[in-house]
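Work through the exercises below with the model open. Try each task before reading its solution.

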Amino acid sequence: MAQAPDSTRPLNGLLIGTASAATQIEGGDRNNQWWEWAQTPGNVADGSSPERANDHWNRWREDNELMAELGFPIARVGLEWSRIEPSPGKFDHAALDRYREELGDLVDKGIKPLVTLHHFSNPLWLQHRGQWTNPGSVDAFLRYARVAVGALKDLVDEWVTLNEPNVYATQAHLFREAPPADVSPGSLVRVLRHMAIAHVRAYTLIHAVQPDATVTIAHHLRDFAPMNPRNPLHRAFTRLNQWAFNDVVTDAFGLGRFTSLLGRSPLPEGRYADVIGLNYYSRTAVTGPSDGVFPGVPVNDLGWEIWPQGLVTCARSLHERLGVPVWITENGCADNGSATELERFRPRFLAEHLDAILDSGLPIERYYHWCFVDNWEWGEGEVQRFGIVHNDYETQTRTVKPSGRMLAEVVAEGALTPSIIEQYSAGQEYPRADGSSRPA
Ligand code: BGC
């Protein structure tokens with residue numbers, strides 16, 4: 001793809017903002033399973049825990065202020081279930097009031113919130129009962145959703161029920177990257193099944209409270225391609241991954257249509273997504289069930305291929321299967337900067353992905369860049385930086401990166417223009433998957 005389109009691309013109604021998740025930014029909460037997991041040395045790359053993160057729980061006014069200054073009209077934000085329901089059935093109304101204050105402030109600033117109810121994080125009491133492998137997780141989630149939506153419904157009418165069920169289930173039960181790191185195909189399937197039932201019922205519940213609400217999941221899709229297209233095994237695994245990781249989830253959560261993998265659904269088929277949220281990061285070069293990268297391709301600082309066309313492929317697949325508009329609920333890259341620069345290639349990444357969206361001809365209505373302020377990156381800790389705003393974790397000082405100023409200019413202009421691209425991304429190079437320019 002050319003680094004800069006030679007003509008101006010109007011946004012044509014595409015709304016742009018950023019995304020975040022409660023556990024990754026708030027700090028201060030010890031009642032979720034990621035805090036517990038981080039206490040065991042080796043589980044988080046740099047030994048950090050979500051207890052510090054961005055201290056957003058205390059600094060939310062400053063963060064909202066900065067977001068308003070940059071002029072974003074939308075923001076995806078998350079709630080921490082373990083704060084709202086610290087023990088089963090006992091709700092903390094002070095925590096809900098605190099979220100009301102933060103969300104009300106966003107609304108007052110003209111920033112429309114899209115709120116995620118569950119983003120990887122469970123209260124410890126649910127975790128210790130077998131988290132989402134336990135069929136009781138469905139009713140537990142619905143009880144929480146009813147209270148949270150009821151408390152916030154005058155401020156919020158756009159909801160993501162669950163973030164990336166496929167990533168949650170595979171990290172916890174296939175790849176050992178998330179608690180409880182229990183490798184078990186049976187548990188993996190049970191988690192997906194219970195999450196799908198929970199989503200479908202939550203969709204119905206939220207619409208009963210707010211008939212005009214917009215409700216969806218944030219679905220993580222990868223663009224799978226065989227490492228060697230002539231190898232029948234690579235081709236077979238590509239089809240299997242596409243089906244099991246992408247399509248099974250799209251159909252179960254979006255249509256209530258369960259495959260044999262998930263068993264029979266207790267609920268009728270229908271349409272359970274008013275739009276479909278797409279979290280897109282990368283392409284996988286397939287040789288088997290796990291991730292691979294084509295040699296020599298551009299990659300981010302985590303070694304994930306930078307492949308803007310894949311965003312369009314995944315958005316098209318979702319739109320064709322579900323027939324609803326697509327919201328890009330996450331897209332971004334780890335760019336950890338250098339000794340002298342806050343970032344090295346994120347502006348180019350932004351230009352290329354926005355260009356692909358605007359050129360796609362698909363009904364993509366929203367773009368939430370992951371993320372706003374550099375945040376606690378689960379098993380990677382504080383080292384990998386995805387933000388358009390830099391965070392100094394020691395002092396909690398925020399500094400807007402060039403990509404933040406660039407995105408603000410795109411919003412202000414209502415277009416991605418050659419001059420914006422030239423100003424922010426001229427000459428930027430990506431690391432390559434051959435290892436030569438990748439950090440250790
Ligand atoms: C998750 C985010 C995460 C991002 C980058 C997504 O899969 O939803 O929580 O920070 O990837 O790794």
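**Exercise 1.** Classify Arg52 by accessibility and find its salt-bridge partner.

Step 1. Arg52 has a relative accessible area of 31%. Buried means under 20%, exposed over 50%, and partly exposed in between, with a 1.4 Å probe and protein chains only. Arg52 is therefore partly exposed.

Step 2. The side chain of Arg52 meets that of Glu382 at 2.8 Å, N to O. This is a salt bridge, defined as a side-chain nitrogen of Lys or Arg within 4 Å of a carboxyl oxygen of Asp or Glu. The two residues lie 330 residues apart. Arg52 sits in the loop between α2 (33–38) and α3 (56–70), Glu382 in the loop between β9 and β10 (389–392). Helices (H or I, at least four residues) and strands (E, at least two) are DSSP runs, numbered from the N terminus.

Step 3. Glu382 has a relative accessible area of 10%, so this residue is buried.

The model is predicted: local features need pLDDT of at least 70, side-chain atom pairs count only at pLDDT 80 or more, and totals for chains, interfaces and linings use all residues. Residues are numbered from 1 along each chain as its sequence is written, and side-chain values use heavy atoms, leaving out hydrogens and water.

**Exercise 2.** Examine the salt bridge between Arg9 and Asp359, then extend it to a network.

Step 1. The Arg9 and Asp359 side chains meet at 3.8 Å, N to O. The pair links distant parts of the chain, 350 residues apart. Arg9 is in strand β1 (residues 9–10), and Asp359 is in the loop between α12 (346–358) and β9 (364–370).

Step 2. Asp359 is exposed, because its relative accessible area is 52%.

Step 3. Salt bridges link Arg9, Asp355 and Asp359 in a network. A search of the whole structure gives 28 salt bridges.

**Exercise 3.** Is Asp335 buried or exposed, and what of its partner Arg344?

Step 1. The side chains of Asp335 and Arg344 form a salt bridge at 3.6 Å, N to O.

Step 2. Asp335 is at 0% relative accessibility, so Asp335 counts as buried. Arg344 reaches 21% and is therefore partly exposed.

**Exercise 4.** Which strands pair with β5, and in which sense?

Step 1. Two strands pair if DSSP finds at least two bridges between them. Strand β4 (residues 112–118) pairs with β5 in the parallel sense over three bridges. Strand β6 (residues 214–226) pairs with β5 in the parallel sense over four bridges.

Step 2. His118 stands opposite Leu162 in β5. Trp159 stands opposite Val215 in β6.

Step 3. Strand β5 (residues 158–163) is mostly covered, with six of its six residues buried.
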